[in-house]
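This report describes the architecture of one protein chain for a reader at the bench. It follows the elements from a single helix outward to the sheets, the domains, the nonpolar cores and the cysteines.

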Amino acid sequence: MADLDLQAVHDEMVAIAYEAGRMILSANPADLDTGTKLNSVDIVTEADQAVEKMVSGRLAASFPSVSFMGEETYKPGMRLGPEPTFVVDPIDGTTNFVHSFPNACISLGLAVQRSPVVGVIYNPWQDLLFTAIKGKGAYMTRSKGTTPQKLPLAKSPRPLQGLGTSLIAVEWGSDREGSNFELKTDVFKKLAASRESGGSMVHSLRSLGSAALNIAAVAAGQMDAYWEGGCWAWDVCAGWCLLAEAGGRMVSGNPGNWDPELESRVYLAVRGAPTGQKDLVEEFWKVIGDRKMGYSV
């Protein structure tokens, strides 16, 4: 990594994100060829493929020695190595995209030694850009040309005071049957239910429809935590860098693992706070109990 200029990588990623945003906004979802992967809700469009082709071409031209892993060119069994690797989701939130719901993004990450070191996330509908470089902080830019705001957005973040005062991000995902789905729905119910009925009574549950945007919202301090199982390294790499630089913490979405791998596929992101992070994680893990979600790479 010593010869890789992370600032140069960041700057090129930002330029690529804006170009991808123009491509995404110019596409009419109703006119696109749309296919599915796992099932009818695991959607891919020709826009996803076109954006990834543009991204991989530009990154290869600028940084030919860096490896590439993208959602649309991923082959089963591929794993991240220790070498510098771009980890890319061309459109995270494709279901939102095909429904013209304006909450999707491009997610561009760089991992070194299987750890996120640069992250760029851009939602073109809102002209909302998130960026981070390891050791240099995380930022949000509300529209191109404006001054970036350091994350978290609050100058003095509130302590985390447990699930009962928290806003939690969750996602249904594309896996709609079996033990993983049953665990998810049971945990959703326990988080939302009243304390009188044995629940945590969180302030509410939110689903932005994009793992990258959910993690960015936690990094910004707009959500207190995000729990997910089933997403991939390209969904979380960029956001993980943002979260770490904003003082947040990524642990496993399954109880007991405080130091998950980038490709673990089960995650719990918790926002930065002066106190309460560890307690919130342990309280969340207690809701899950002794069960575990199982996803393989």
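In helix 5, the buried residues are Ala211, Ala212, Leu213, Asn214, Ile215, Ala216, Ala217, Val218, Ala219 and Ala220. Since ten of the ten residues of helix 5 are buried, this helix is largely enclosed by the rest of the structure. Just after helix 5, Gly221 adopts a positive phi of about 85°. The model under discussion is a predicted one.

**Domains**

The protein chain is divided into domain 1 (6-150) and domain 2 (163-288). The centres of domain 1 and domain 2, taken over C-alpha atoms, are separated by 21 Å. Contacts between the two involve 43 residues of domain 1 and 24 residues of domain 2.

**The seven-stranded sheet**

One open sheet consists of seven strands in the order 3-4-5-6-7-8-9, with mixed pairing. Strand 3 (67-70) and strand 9 stand at the edges and have a single partner strand each, so one side of each is left without a neighbour in the sheet.

Several pairings within this sheet can be described in detail. Strand 4 (residues 85-92) and strand 5 run antiparallel and are joined by six bridges; Asp89 stands opposite Ser107 in strand 5. Strand 7 and strand 8 also run antiparallel, joined by four bridges, and Leu129 stands opposite Thr141 in strand 8. The hairpin of strand 7 and strand 8 has four residues between the strands, and in this hairpin Gly135 takes a positive phi near 85°. Strand 8 pairs in turn with strand 9 (residues 149-150), in the antiparallel sense and over two bridges. Here Tyr139 stands opposite Lys150 in strand 9.

Two helices lie across strands of this sheet. Helix 2 (residues 46-62) crosses strand 3, strand 4 and strand 5, and runs at about 155° to strand 4. Helix 6 lies across strand 3, strand 4, strand 5, strand 6 (115-123), strand 7 and strand 8, running at about 100° to strand 6.

**The five-stranded sheet**

Another open sheet has five strands in the order 11-10-12-14-13, again with mixed pairing. Its edges are strand 11 (204-206) and strand 13 (249-252); each has a single partner strand, so one side of each is left without a neighbour in the sheet. Neighbouring strands of this sheet are turned by 25° against each other on average, direction ignored.

Strand 13 and strand 14 run antiparallel and are joined by four bridges. Ser252 has Tyr267, in strand 14, as its bridge partner.

Helix 4 (residues 179-192) packs on this sheet and touches strand 10 (167-169), strand 11 and strand 12 (225-229). Helix 7 (residues 277-288) likewise packs on the sheet, where it touches strand 10, strand 12, strand 13 and strand 14.

The directions of the helices relative to a reference strand are collected below.

| Helix | Reference strand | Angle |
|---|---|---|
| Helix 2 | Strand 4 | about 155° |
| Helix 6 | Strand 6 | about 100° |
| Helix 4 | Strand 12 | about 160° |
| Helix 7 | Strand 14 | about 145° |

**Nonpolar cores**

The largest nonpolar core has 40 residues, and those with the most contacts inside it are Ile121, Phe130, Leu151, Leu242 and Leu262. At least two residues of this core come from each of strand 5 (105-112), strand 7 (128-133), strand 8 (138-141), helix 5 (211-220), helix 6 (233-245) and strand 14 (266-270). Domain 1 (6-150) and domain 2 (163-288) both give residues to this core, so it lies between them.

Leu151 illustrates these connections. Apart from its neighbours within four places in sequence, Leu151 is in contact with Phe130, Ala138, Tyr139, Met140, Ala219, Ala220 and Ala246. A second, separate core has 33 residues, including Val51, Met54, Leu110 and Tyr122.

**Cysteines**

How many disulfides does the structure hold? There are zero. Cys105 is in no disulfide, as the nearest cysteine sulfur, that of Cys231, is 12 Å away. With 0% relative accessibility, Cys105 counts as buried. For Cys241, the closest cysteine sulfur is in Cys237 at 7.6 Å, too far for a bond, because a disulfide requires sulfur atoms within 2.5 Å. Cys241 also counts as buried, at 3% relative accessibility.

Notes
Residues numbered from 1 in each chain as written. Predicted model: local features only at pLDDT ≥ 70, side-chain atom pairs only at ≥ 80, totals over all residues. Heavy atoms only, no water. Buried < 20%, exposed > 50% of the residue type's maximum accessible area, 1.4 Å probe, protein only. Core = buried A, V, L, I, M, F, W, Y, C linked by side-chain atoms within 4.5 Å. Domains from an automatic or database assignment. Contact = heavy atoms within 4.5 Å. Pairing = 2+ DSSP bridges. Axes fitted to C-alpha atoms, helices over the stretch in contact; angles between N-to-C directions.
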